[in-house]
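Trainee: Please pick one part of this structure and take me through it closely. I'd also like to hear about the cysteines, the cores and any odd backbone angles.

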Amino acid sequence: MSTSFMGQPKEIFDWVGYLVLEHHQERSFVVNIDNKVGSVGCIPNRLKGLMGIFLIKYDPNTGEPTRDTNGRCIRCGSNEPGLIIGEIRSKVPLDGFSRYLDVDASEKKILSDVFVIGDKYYNSGDVLSCDGLGYFYFQDRVGDTFRWKGENVSTAEVEDIICKTTKLNQVNVYGVEIPGTDIGMAAILDKEAELLLDVLGNELISNLPSYAIPAFIRVLEALPVTGSYKLKKVKLQKEGFNINMIKDKIYILSSGKYIPLTKEIYNDVINNRLRF
């Protein structure tokens, strides 16, 4: 989800809160105390080890950390986007993931043997970059990048354009499956029916490469969120554009315009009779 604030996605202001709240036994903070534009905060390079906060390389297709031949994670260079992780130093049993009711969900948030055998780090699921001075910048969330036509699509970039164009600040962009690949889809909260699809379509075509333009638009009366106010992107992705199970209005991009998705068009898509 993207909620604009001073032209920046809302996530750049709340990822630290997410890190602290989700693993409350550890306290890792990055605060933008000097109002560096666009930055979520700064840790001088010489202090990163002391604070236990690092950026590591990851696979944008799977969201999993990239490991070297020795099975260790790889730190990112300056201005290279990566997963931000925080070291778990507490000797107390790892019961901080109270929001996850099953063991598997909790374990997925903990990375082991990251830099040395036996260490443990909390995986925030957020992608940031860090410049040479130590300023961090929000880039994306894991799962908010998908590939189409051989290109990585940053959903945060698409969400930001939609928010600025529509003046609607609750937008979720994600990849959905079509035969043989994934394709972009946007869910937009529009309680007051203010969405102008023709204007939105023109703006997306003018500002995005063709592979990044959402093929489908879903207009929602409410956006599903978790108890910690994270969007239930998995639920939206699973529902896709299946008009047989979705009551919301869905539109498909056709000849540069968004038109209603009918059952006939839907069947053409899933039976690979309509190509994008």
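Mentor: What follows starts with one strand and works outward from there.

First, the ground rules: this is a predicted model, in which local features need pLDDT of at least 70 and side-chain atom pairs count only at pLDDT 80 or more, while totals for chains, interfaces and linings use all residues. Numbering starts from 1 along each chain as its sequence is written, and side-chain values use heavy atoms, leaving out hydrogens and water.

The part to look at is strand S3, residues 82–87. Helices (H or I, at least four residues) and strands (E, at least two) are DSSP runs numbered from the N terminus. Five of the six residues in S3 are buried, so the strand is largely enclosed by the rest of the structure. Buried here is under 20% relative accessible area, exposed is over 50%, and partly exposed is in between (1.4 Å probe, protein chains only).

S3 has strand partners, where pairing takes at least two DSSP bridges between two strands. With S2 (residues 53–56) it pairs in the antiparallel sense through four bridges, and Leu55 sits opposite Ile84 of S3. With S5 (residues 120–130) S3 also runs antiparallel, joined by five bridges, and there Ile85 faces Asn123.

Stay with Asn123 for a moment. Asn123 lies in S5 and counts as buried at 10% relative accessibility. Its side chain reaches the backbone nitrogen of Gly125 at 3.0 Å. That's a polar contact: N or O atoms within 3.5 Å; within protein, one must be able to donate a hydrogen and the other to accept it, and residues adjacent in sequence count only if both atoms are side-chain atoms.

Ile85 leads on to the cores. A nonpolar core is a set of buried Ala, Val, Leu, Ile, Met, Phe, Trp, Tyr and Cys residues joined through side-chain atoms within 4.5 Å. The largest one has 42 residues, and Ile162, Phe216, Ile217, Phe241 and Leu261 touch the most other members. A second, separate core of 11 residues includes Ile85, along with Phe54, Cys73 and Val127.

Back in the largest core, Phe241 is a good residue to click on. Leaving out residues up to four places away in sequence, it touches, among others, Val176, Met185, Phe216, Leu261 and Tyr266; contact means heavy atoms within 4.5 Å.

Cys73, from that second core, is buried at 6% relative accessible area. Don't go looking for a disulfide, though: taking one as a pair of cysteine sulfur atoms within 2.5 Å, the count is zero. Cys76 is in none, and the nearest cysteine sulfur, that of Cys130, is 9.8 Å away. Cys76 counts as buried too, at 18%.

Now the odd backbone angles. Most residues other than glycine have a negative phi. Ala193, not a glycine, has a positive phi of about 55°; it is in the loop between S10 (181–189) and H5 (197–207), exposed at 65%. Ser255 likewise has a positive phi, near 55°. You'll find Ser255 in the loop between S12 (249–254) and S13 (257–260), and it is exposed at 79%.

One last stop is Glu157 in helix H4, residues 155–166, partly exposed at 45%. Glu157 and Leu208 are 51 residues apart in sequence but 9.0 Å apart in space, C-alpha to C-alpha.
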